[in-house]
Amino acid sequence: MSLAIPEVKLHDGLTLPVIGLGTYKLKGNEGVNAINNAIDTGYRLIDTAYNYENEGTVGKAIQRTAVPREELRITSKLPGRYHSYDQAIRTIQESLYRGNLDYYDLYLIHWPNPKQDIYVEAWQALIDAKKWGLIRSIGVCNFLPEHMERLEKETGIKPSINQIELHPFFNQEQQRIWHEEKNIQTESWSPLARASEVLQNETIRSIADDHNKTISQVILRWHYQLGAISIPKSSSPERQLENISIFDFSLSDTEMGRIAELTRPNGRINDQDPATYEEF
Ligand SMILES: NC(=O)C1=CN([C@@H]2O[C@H](COP(=O)(O)OP(=O)(O)OC[C@H]3O[C@@H](n4cnc5c(N)ncnc54)[C@H](OP(=O)(O)O)[C@@H]3O)[C@@H](O)[C@H]2O)C=CC1
Ligand SMILES: O=C(O)C(=O)[C@@H](O)[C@H](O)C(=O)CO
């Protein structure tokens, strides 16, 4: 069974499905099978990263599927250790080589690394790689408004998307409002909070029971109604299908509000605050 997933259009014109497949930890043959199963189920957006060491796994799944390349949306990400202009260009080329691809649909700076403070150089490399046709759309992950303002001020170009930690325990309301004002698409990483205690939460369970849905489905519907693209990772065919079977019900304003109340000031999964955290 293959389901159709609604799409959104980014400010640069690229369309993306509102749910994609996260691939952190999906590797090797098992990973290829999981990704191919997801594509068969209806997923068209696949999220990888240079640092996940699975761009090759994603590439193999793309080679194996009968779905035409132009219907897929493949994202990868530039690691912090390669932010200098020349290294960023070489890394984008290496990402393409690893994935056996001619282009990525979306390429993101993985973390701003503000202490290192050369993310504007990395951004210039992404801008040029887009001009050369290696990438269709360019964005960032884990950038705070001050970082994105600097990108736009120094290069004249703002990101199409910002992929951030977002789940019911950390709902990022202020950052989402800022994205909306700037027409930058919000994308949620760890949308199920990495299957932590959020999947046992009693408030969400009672909402799920009322709709005859699972807790995960309610959470992913909540992301959709917030206007965020989500990229749940699952290696299981059943859970992959479950996670995109969310377009036949809706949450009321009251239910959205009850979930909003679950957010916590220190709700991040691993305490990775982009103002101070650096990842290489
Ligand atoms: N830009 C960034 O800095 C970051 C980006 N990411 C991206 O976001 C993606 C998603 O985040 P991730 O950290 O993987 O966490 P998720 O919130 O997607 O949770 C994944 C976990 O949830 C389980 N799961 C999935 N669906 C269900 C379900 N319906 N019911 C119960 N359990 C379920 C999975 O297990 P199973 O596989 O067994 O189903 C897995 O253990 C990543 O894979 C990656 O692509 C992640 C972190 C940071
Ligand atoms: O998975 C990613 O994309 C990351 O950026 C990692 O930092 C991830 O969040 C992690 O869990 C590292 O321990």
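This tour moves through the model from the whole chain to its two ligands.

**The chain as a whole**

Begin with the full view, bearing in mind that this is a predicted model. Colour the chain by pLDDT: the mean is 98, and 100% of the residues reach 70 or more. The accompanying scores are ipTM 0.98 and pTM 0.99.

**Ligand 1 and its shell**

Select ligand 1 next, together with the residues around it. There are 28 residues surrounding this ligand, and the closest of them are Asp47, Ser190, Arg194, Ser234 and Arg239. Display the pocket surface as well: ligand 1 occupies the largest pocket.

Colour the shell by residue class. Twelve of the residues around ligand 1 are nonpolar, ten are polar and six are charged. Then show the secondary structure and find helix α9, which spans residues 237–244. This helix supplies three residues, the largest share of the shell around ligand 1.

**Polar contacts of ligand 1**

Bring up the side chains of Lys233, Ser234 and Arg239. In Lys233, a side-chain N or O atom is 2.7 Å from an oxygen atom of ligand 1. At Ser234, the distance from a polar side-chain atom to an oxygen atom of the ligand is 2.6 Å. For Arg239, an N or O atom of the side chain is likewise placed 2.6 Å from a ligand 1 oxygen atom. Of the 910 Å² of accessible area that ligand 1 has on its own, the protein covers 87%.

**Ligand 2 and its shell**

Now move the selection to ligand 2. Its surroundings consist of Tyr24, Tyr52, His110, Trp111, Arg194, Asn270, Gln272, Tyr277 and Glu279. Keep Arg194 highlighted while changing views: Arg194 is listed among the closest residues to ligand 1 and also belongs to the surroundings of ligand 2.

By class, the shell of ligand 2 contains four nonpolar, three polar and two charged residues. With the pocket surface still displayed, note that the space taken by ligand 2 is the largest pocket.

**Polar contacts of ligand 2**

Finish with the side chains of Glu279, Tyr52 and Trp111. Glu279 has a side-chain N or O atom 2.3 Å from an oxygen atom of ligand 2. In Tyr52, the corresponding distance between a side-chain N or O atom and a ligand oxygen atom is 2.4 Å. Trp111 places a polar side-chain atom 2.9 Å from an oxygen atom of ligand 2. The protein covers 79% of the 330 Å² of accessible area that ligand 2 has on its own.

Terms used:
Residues numbered from 1 in each chain as written. Chains lettered and ligands numbered in written order. Predicted model: local features only at pLDDT ≥ 70, side-chain atom pairs only at ≥ 80, totals over all residues. Heavy atoms only, no water. pLDDT = per-residue confidence, 0-100. Near = heavy atom within 4 Å. Polar contact = N/O pair within 3.5 Å; in protein donor to acceptor, adjacent residues only side chain to side chain. Areas by Shrake-Rupley, 256 points an atom, 1.4 Å probe, with all protein chains shown as cover. 1 Å grid on protein atoms, 1.4 Å probe; cavity = no way out; pocket = protein on both sides within 12 Å on 5 of 7 lines; lining within 4 Å. Sits in = over half its atoms within 2 Å of the grid points. Nonpolar A, V, L, I, M, F, W, Y, C, P; charged D, E, K, R; others polar. Helix = DSSP H or I, 4+ residues; strand = E, 2+ residues; numbered from the N terminus.
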